[in-house]
Amino acid sequence: MRIIVDMDRCQDHGQCVFAAPEVFQINPAGRLEYTAEPDDELREAVEEAADVCPLQAITIED
Amino acid sequence: MIIGVDGARDRPGVVVAGAAMGGLRAAEQLRAAGWTGPVTVVGDERHMPYNRPPLSKEVLAGEVSHAAVAFRTRASVADVTWRLGTAVAAADLTERRVTLADGSTLPYAGLVVATGIRPRRLNCPGPRGGRHVVRTLDDAQALRGELRAGRRLVVIGAGFIGCEVAATARGLGMEVTIVAPESEPMLRPLGERLGAALRRRHEARGVTFRLGRTIDRFLGGADGAGNGHGDDDRATGVVLDDASTVPADVVVEAVGSVPNTEWLAGNGLDLSDGVVCDALLRVEGRPDVVAVGDIARFPNPRYDAVARRVEHWSVPTDSAKRAARTLAAQLTGGAVDETPFAPLPTFWSDQYAERLQSFGAPGLGAADIRLLEGELDADCVVGYHHADGRLVGIVALGGGAAVAAARYRGALAAHA
Ligand SMILES: Cc1cc2nc3c(=O)[nH]c(=O)nc-3n(C[C@H](O)[C@H](O)[C@H](O)COP(=O)(O)OP(=O)(O)OC[C@H]3O[C@@H](n4cnc5c(N)ncnc54)[C@H](O)[C@@H]3O)c2cc1C
Ligand code: SF4
């Protein structure tokens with residue numbers, strides 16, 4: 001599983017962080033950081049993160 | 001327009017009424033909950049589901065296509081049938097059948113109510129032309145063509161949509177006046193003091209407020225006032241209840257909503273404000289009908305036993321997940337999880353470069369509103385407390401609102 005976050009769209013809502021904290025973090029500067037190729041076990045959490053992103057900035061590639 | 005297989009189904013499946021965010025999430029979550037039977041989503045808009053928040057923001061400010069706001073859909077819904085551009089006209093919940101506007105009928109084993117809300121319209125006298133609402137992509141694209149620097153916009157209603165449209169229009173260089181009956185913008189969720197702080201932010205950017213005022217009528221048309229648009233049925237301004245007038249080139253009505261429940265009439269349901277659901281999102285306890293999103297009136301045991309509709313973006317996703325599990329278990333004979341639905345509401349609004357971020361239910365914490373961090377006219381966090389002293393909601397406003405609000409989310413999520 002590969003994640004792409006469109007950083008031009010992302011407005012640092014942080015909703016993805018609540019859904020999948022193992023994958024998405026907000027750094028001390030308030031910007032999003034994430035693991036681009038997380039474990040497949042985290043798929044459900046990552047799907048949920050993509051659902052709850054207000055900007056719909058997260059895409060998942062298999 | 002029909003996308004996917006239609007008609008020749010050997011067994012009735014799930015019909016989802018409403019093809020927006022709630023309908024899409026319901027279809028996806030039915031698959032995630034193990035429902036492998038047919039799913040047909042029926043929607044009166046001609047577009048595949050798309051995201052509404054950009055409609056009062058980016059879509060009004062520039063050229064934005066459907067593709068740019070369309071939701072990503074999970075691979076699991078590739079076999080779902082979409083009947084777009086077709087309304088559900090009626091439902092017979094005893095016979096388990098819906099009738100579409102084109103006269104066709106669809107039997108169902110399970111029904112998802114996801115028809116959401118539409119904007120309430122003012123029925124004051126005066127011309128109808130030049131008056132807009134913002135709910136659908138078509139609405140936003142129609143309004144965008146009218147927003148130009150130097151023109152005068154009157155926004156009726158000071159809720160979040162009115163405030164966002166006003167902010168976007170100021171950004172485009174329009175002259176903007178907000179007229180509303182309340183004493184401050186976004187009064188119900190924010191309370192007087194933070195509402196006043198929001199008003200000052202708008203005023204600092206040149207928005208004029210006419211608060212505590214209602215609309216008596218629209219100017220133009222039969223008034224004979226030339227409006228330069230060569231259109232007699234176009235509003236050229238508003239007359240307020242104190243007889244003062246505000247001239248306008250464009251009017252936006254953002255005065256609340258009406259749930260789209262007409263198609264459910266005749267089934268003995270309480271449709272006075274959306275559809276009443278139980279704690280598992282079943283419509284008045286019917287095991288084979290669930291509701292999701294803005295139309296669902298559900299109790300939240302996090303706060304109390306009162307069933308309420310919640311018009312937040314987070315609700316279609318949260319409620320679809322729960323409702324789909326309830327329905328899939330019912331349809332497949334599995335055990336229904338009786339844990340009550342108790343979402344943590346979350347809401348945001350973007351006005352100018354500022355974010356308003358809320359967690360919990362600030363509207364239920366009006367008994368005691370306290371500034372928790374910062375200053376009202378700068379970045380701040382405000383806490384809303386229930387009469388029993390419990391913190392039930394927070395609102396953060398300003399540049400770092402999302403990060404500030406996140407610090408309180410755990411505390412708010414803790415007591416369920
Ligand atoms: C301009 C705007 C900005 C917003 N901004 C924010 C924001 O910043 N933050 C936030 O938290 N929330 C925001 N929201 C709220 C959020 O978008 C809604 O809560 C969410 O869209 C509700 O989704 P829904 O699917 O329940 O309802 P809807 O989106 O209303 O979907 C219902 C669908 O059913 C269709 N329908 C209705 N009747 C029928 C029928 N009889 N037959 C078939 N189809 C029917 C409708 O046309 C519609 O497509 C905003 C909303 C708007 C309009
Ligand atoms: S939820 Fe979306 S906008 Fe927010 S930080 Fe995550 S990717 Fe960015």
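**Entry 1: the interface**

I began with the contact between the two chains and found that the area buried between chain B and chain A is about 1700 Å², with carbon and sulfur atoms giving 42% of that; buried area here is the accessible area (1.4 Å probe) that two parts lose on being put together, summed over both. The model is a predicted one, in which local features need pLDDT of at least 70 and side-chain atom pairs count only at pLDDT 80 or more, while totals for chains, interfaces and linings use all residues. Residues are numbered from 1 along each chain as its sequence is written, chains are lettered from A in the order in which they are written, and side-chain values use heavy atoms, with hydrogens and water left out.

I then listed contacts (heavy atoms within 4.5 Å) and noted that 22 residues of chain B touch 20 residues of chain A. For salt bridges (a side-chain nitrogen of Lys or Arg within 4 Å of a carboxyl oxygen of Asp or Glu), the rule finds 7 across this interface. One salt bridge that I looked up joins Arg72(B) to Asp51(A), with the closest N and O atoms 3.4 Å apart.

On the side of chain B that touches chain A, I saw that helix 1, helix 7, strand 23 (346-351), strand 24 (354-360) and helix 8 (401-414) of chain B each supply at least two residues; helices (H or I, at least four residues) and strands (E, at least two) are DSSP runs, numbered from the N terminus. Helix 8 of chain B gives the largest share of that side, 4 residues.

**Entry 2: helix 1 of chain B**

I checked the length of helix 1 (residues 21-32) of chain B: at 1.5 Å a residue (times one less than the number of residues), its 12 residues should span 16 Å, and the end C-alpha atoms are 16 Å apart, which agrees. I also noted that 11 of the 12 residues are buried (under 20% relative accessible area, 1.4 Å probe, protein chains only), so the helix is largely enclosed by the rest of the structure. Its buried residues pack against helix 2 (43-52) of chain A as well as several elements of chain B, including strand 2 (14-17) and helix 7 (314-332).

**Entry 3: positive phi**

I looked up Arg96(B), which is not a glycine yet has a positive phi of about 55°, and placed it in the loop between strand 5 (88-92) and strand 6 (97-100) of chain B. Arg96(B) is partly exposed (from 20% to 50%), with a relative accessible area of 40%.
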